Amino acid sequence: MLVSDNRYGKYTQIYLMLKTKKTPVKFTTPPVSHNSISRSEHIIISPIENFRPELLKLIVREVHRIFGYRTKIKPLLQDVDFAFDLDRQQHYSTIILERLASLAPTMAIKLLAITKVDLFIPILTHVYGEAQLGGRACIVSTHRLNEGLGTSVSEIFYQRVVKEAIHELGHTFNLRHCRDHTCNMHYCRSVKDVDLKSDQLCRYCLVLLNDAIKRPAKK
Ligand SMILES: [Zn+2]
Ligand SMILES: [Zn+2]
């Protein structure tokens, strides 16, 4: 099926076609222009606890599809005990980001940590993730992404994790929250919001991402 109202360009068109036919989705070219992407720079996916290999592979594939950089799995933090807040019984995500950024290998343009612990920042009860805006490090917590799904691993859970991973990495490329509730950069207060938004960037955010990638990376 061809999508006539195409907001995201031909790659999404192909994606929707494949999705409709329930064919395994394969991407050969991400939406971001490869010309401006250095081959030596990587996005590092850094799992903190043990995650299913198929989830990590999915994150790697989808991050590469959106951002265009070579993407690798490399654990950098043994645990996040140093960020545990006794009063709140949660982990303070900003502290984890600082530690993560300090451990960044030189070839890492961006680092995404994935954790199972519950994260917070002081002004909020919890966060699904946090990012250094325009910086290098971001983190996603799977702790609350299983809400309403029970304990079994489901495709919806995987989709939520991937969406949040793209979202937080988007912030590190200086993308802000988007008003379009279907755009991946839309701010989500609940898993319902996460389910409603897509794993794609809207046309506007995609332009901003391309601009951010064309600029020399901050070291
Ligand atoms: Zn956000
Ligand atoms: Zn957007």
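In this predicted model, 3 strands form an open sheet in which the order is β3-β4-β6 and the pairing is mixed. The edges of this sheet are taken by β3 (84–85) and β6 (119–120); each has a single partner strand, so one side of each is left without a neighbour in the sheet. Strand β4, made of residues 90–92, pairs with β6 in the parallel sense, and 2 bridges join them. A reader who would like to find this pairing in the structure can look for H91, whose bridge partner in β6 is L119. Helix α3 lies across β4 and β6, and runs at about 50° to β4.

A second open sheet has 5 strands, arranged in the order β2-β1-β5-β8-β7, and its pairing is mixed. Here the edge strands are β2 (70–73) and β7 (129–131), each with a single partner strand, so one side of each is left without a neighbour in the sheet. On average, and with direction ignored, neighbouring strands of this sheet are turned by 15° against each other.

Both ends of the order can be followed strand by strand. At one end, β7 pairs with strand β8 (residues 137–141) in the antiparallel sense over 3 bridges. One place to see this is E130, which has I139 of β8 as its bridge partner. At the other end, β1 and β2 are joined in the parallel sense over 4 bridges, and H42 stands opposite R70 in β2. Together with helix α2, these two strands make a β-α-β unit, and the unit is right-handed.

Helices also pack on the sheet of 5 strands. Helix α3, which spans residues 93–102, touches β1 (42–47), β5 (108–115), β7 and β8, and its direction makes about 135° with that of β8. Helix α4 packs on the sheet as well, touching β1, β5, β7 and β8; the direction of α4 makes about 160° with that of β8.

The helices can be looked at in pairs too. Two packed helices are described by the angle between their axes and the distance between the axes. For helix α2 (residues 53–67) and helix α4 (residues 155–172), the axes come within 10 Å and cross at roughly 40°. An angle from 35 to 65 degrees counts as oblique, which makes α2 oblique to α4. The crossing of these two helices is right-handed.

Which residues make the contact between α2 and α4? From α2 come L55, L58, I59, E62, V63, I66 and F67, while α4 supplies Y158, V161, V162, A165, I166 and L169. Sorted by class, this contact has 12 nonpolar residues, no polar residues and 1 charged residue. Glutamate counts as charged, so the charged residue in this contact is E62 of α2.

Methods: Residues are numbered from 1 along each chain as its sequence is written. Chains are lettered from A and ligands numbered from 1 in the order in which they are written. This is a predicted model: local features need pLDDT of at least 70, side-chain atom pairs count only at pLDDT 80 or more; totals for chains, interfaces and linings use all residues. Axes are lines fitted to C-alpha atoms, for helices over the stretch in contact, and angles run from 0 to 180 degrees between N-to-C directions. Angles under 35 degrees count as roughly parallel, over 145 as roughly antiparallel, 65 to 115 as roughly perpendicular and the rest as oblique. A crossing is left-handed if the near helix is turned anticlockwise from the far one by less than a right angle, and right-handed if clockwise. Two residues are in contact if their C-beta atoms, placed from the backbone, lie within 7 Å. Two strands pair if DSSP finds at least two bridges between them. A crossover is right-handed if, with the strands pointing away from the viewer, the path from the first strand over the helix to the second runs clockwise.
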